[in-house]
Amino acid sequence: MEKNLALVDCNNFFVSCERVFRPDLEGKPVIVLSSNDGCAIARSNEAKALGIRMGEPWFKVKDLPKYRDVVVFSSNFPLYSDLSNRVKYLLADFSPVQEVYSVDESFLDLTGFDDVKERMVAIRETVAKRIGIPVCVGVGPTKTLAKLANYVAKKHPRSKGVFHYNVLTEQQKSGLLKQIPIDEVWGVGRRLNRSLISRGIETVYQLREADIRTMRSRYGVVMERLISELRGISCIDMVDVSPPKKQILSSRSFGGVITEIDDLENAIAFHATKIGKQLRRQHSIAGMVHVFLMTDRFRKDKPQYHPHVSLPLIDATNSTIEINRYAMMGLHRIFRPGYEYRKAGACVSELSPESVFSPDMFTDPKRRKIMQVMDEINDRFGNGTLRLSQDDMMHRRWRPKVDRVSPRYTTSWDELAECQ
DNA sequence: ATCTGGCTAGGAC
DNA sequence: CTAACGGTCCTAGCCAGAT
């Protein structure tokens with residue numbers, strides 16, 4: 001039996017989050033910048049219409065006269081994740097099967113409901129009314145077609161934000177797919193797009209009708225699945241609980257040039273702390289720690305150095321202290337004076353469930369207690385109350401640039417109070 | 001003959 | 001004032017070496 005899989009996608013999500021608390025920005029060009037106020041990573045429809053591209057480095061174009069009235073925000077992730085959670089919880093009411101796909105997207109299985117179209121409209125209206133975020137809903141027999149239906153819902157004003165692919169006739173489906181360029185398909189990125197076009201495949205219809213054996217031998221299983229999905233044969237299942245991560249990475253570009261080892265220590269300690277917290281939250285322990293540094297890859301005139309080191313942990317752990325200890329060893333191993341560093345990061349891999357850990361006779365159980373106590377104190381009195389000595393907020397000279405961040409309206413009483 | 005880890009490519013958002 | 005281009009995560013496919 002044909003499924004009704006829905007993809008609910010928030011429109012221009014980060015911009016919409018900013019607009020929830022700034023309704024005066026409705027109808028205006030608004031963008032949100034990446035970390036360090038680097039690139040445009042969310043754009044309102046007005047900003048898109050002006051020609052601002054996804055991922056565009058803002059400093060390069062911000063002085064163009066046509067962008068004079070663009071309203072610019074630094075990214076405010078505490079705000080976006082909070083609103084993201086609220087949307088997720090609301091959506092859960094509309095189906096027993098939900099897969100949270102990303103910060104702004106959920107799949108919902110609407111199979112078996114006899115009021116699919118009404119539900120799609122209700123989802124849109126409820127999220128708009130209760131949270132103030134505009135969403136579009138697409139329904140199809142497979143995840144790939146649900147995503148495509150969502151694209152149609154977003155693109156065509158006549159759909160009013162919802163599009164139900166399954167109720168089309170075969171002729172209508174083909175007609176629709178003939179109008180959609182292949183790079184709108186989930187899984188077709190820049191490279192595949194170019195390669196397919198060079199073989200004369202330009203529309204989703206042509207891709208759906210392509211010979212699946214040839215395509216598989218040329219492009220691999222991913223392409224085979226993709227084409228099957230376009231034909232309505234489901235190959236990508238819904239996953240209800242997201243599996244634990246297999247690697248956790250934390251990195252940041254610096255606000256300016258960094259040359260000193262103690263500043264790098266400060267940055268790496270910050271990343272180790274973040275990673276430890278995340279590991280414990282998902283009840284994993286790590287077997288390997290990686291550290292890397294980077295100079296400015298855009299400055300071809302300066303000496304480049306992009307070292308990376310991986311250290312196996314003797315005992316797998318999720319202790320911030322242990323991870324930091326190894327990360328510091330790694331940092332000192334790769335650091336070379338005389339370079340202008342622009343970015344540093346740490347990563348853990350070889351993750352396994354906490355329950356696997358079997359303390360041997362040399363492992364002091366008290367040491368594991370320390371992290372528990374640290375988490376409790378920081379939860380109660382705020383992050384950074386108890387921290388690594390190197391992770392000192394007052395000496396974060398590497399701090400990324402954040403010029404235009406909005407208040408954390410929903411997660412900080414202090415910042416809410418500062419609003420008029 | 002098969003499994004494994006290391007590595008690169010490509011992609012999503 | 002000036003310099004300035006993000007951060008995280010995943011799978012497939014290939015190769016070499018180990019079992």
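**DNA strand C and a pocket between domains**

Tutor: In this predicted model, 74% of the atoms of DNA strand C within 4 Å of the protein belong to sugar or phosphate, and the rest belong to bases.

Student: Okay, and which residues come nearest to DNA strand C?

Tutor: There are 29 residues around DNA strand C, and those that come nearest are Ser34, Leu249, Ser251, Arg252 and Ser253.

Student: Which backbone atoms lie by a phosphate oxygen of the strand?

Tutor: A backbone N or O atom of serine 251 lies 2.5 Å from a phosphate oxygen of DNA strand C, a polar backbone atom of serine 253 is 2.6 Å from a phosphate oxygen, and for a backbone N or O atom of valine 221 the distance is 3.1 Å.

Student: And which element gives the most to that surface?

Tutor: That is β9, which gives six residues to the surface near DNA strand C and spans 248-258; by class, this surface has eight nonpolar, eight polar and 13 charged residues.

Student: Switching topic, what volume does the second largest pocket have?

Tutor: Its volume is about 1500 Å³, and of the 44 residues that line this pocket, Asp9, Asn12, Arg43, Lys48 and Lys154 are the closest to its centre.

Student: Where does that pocket lie with respect to the domains?

Tutor: The second largest pocket lies between domain 1 (5-164) and domain 2 (168-230), because both of them give residues to its lining.

Student: Which helix gives the most to the lining?

Tutor: The helix is α6, with seven residues, and the lining as a whole divides into 16 nonpolar, 13 polar and 15 charged residues.

Definitions and conventions:
Residues numbered from 1 in each chain as written. Chains lettered and ligands numbered in written order. Predicted model: local features only at pLDDT ≥ 70, side-chain atom pairs only at ≥ 80, totals over all residues. Heavy atoms only, no water. Near = heavy atom within 4 Å. Polar contact = N/O pair within 3.5 Å; in protein donor to acceptor, adjacent residues only side chain to side chain. Helix = DSSP H or I, 4+ residues; strand = E, 2+ residues; numbered from the N terminus. Nonpolar A, V, L, I, M, F, W, Y, C, P; charged D, E, K, R; others polar. 1 Å grid on protein atoms, 1.4 Å probe; cavity = no way out; pocket = protein on both sides within 12 Å on 5 of 7 lines; lining within 4 Å. Points joined across faces, edges and corners; volume = space filled by probe spheres on them. Domains from an automatic or database assignment.
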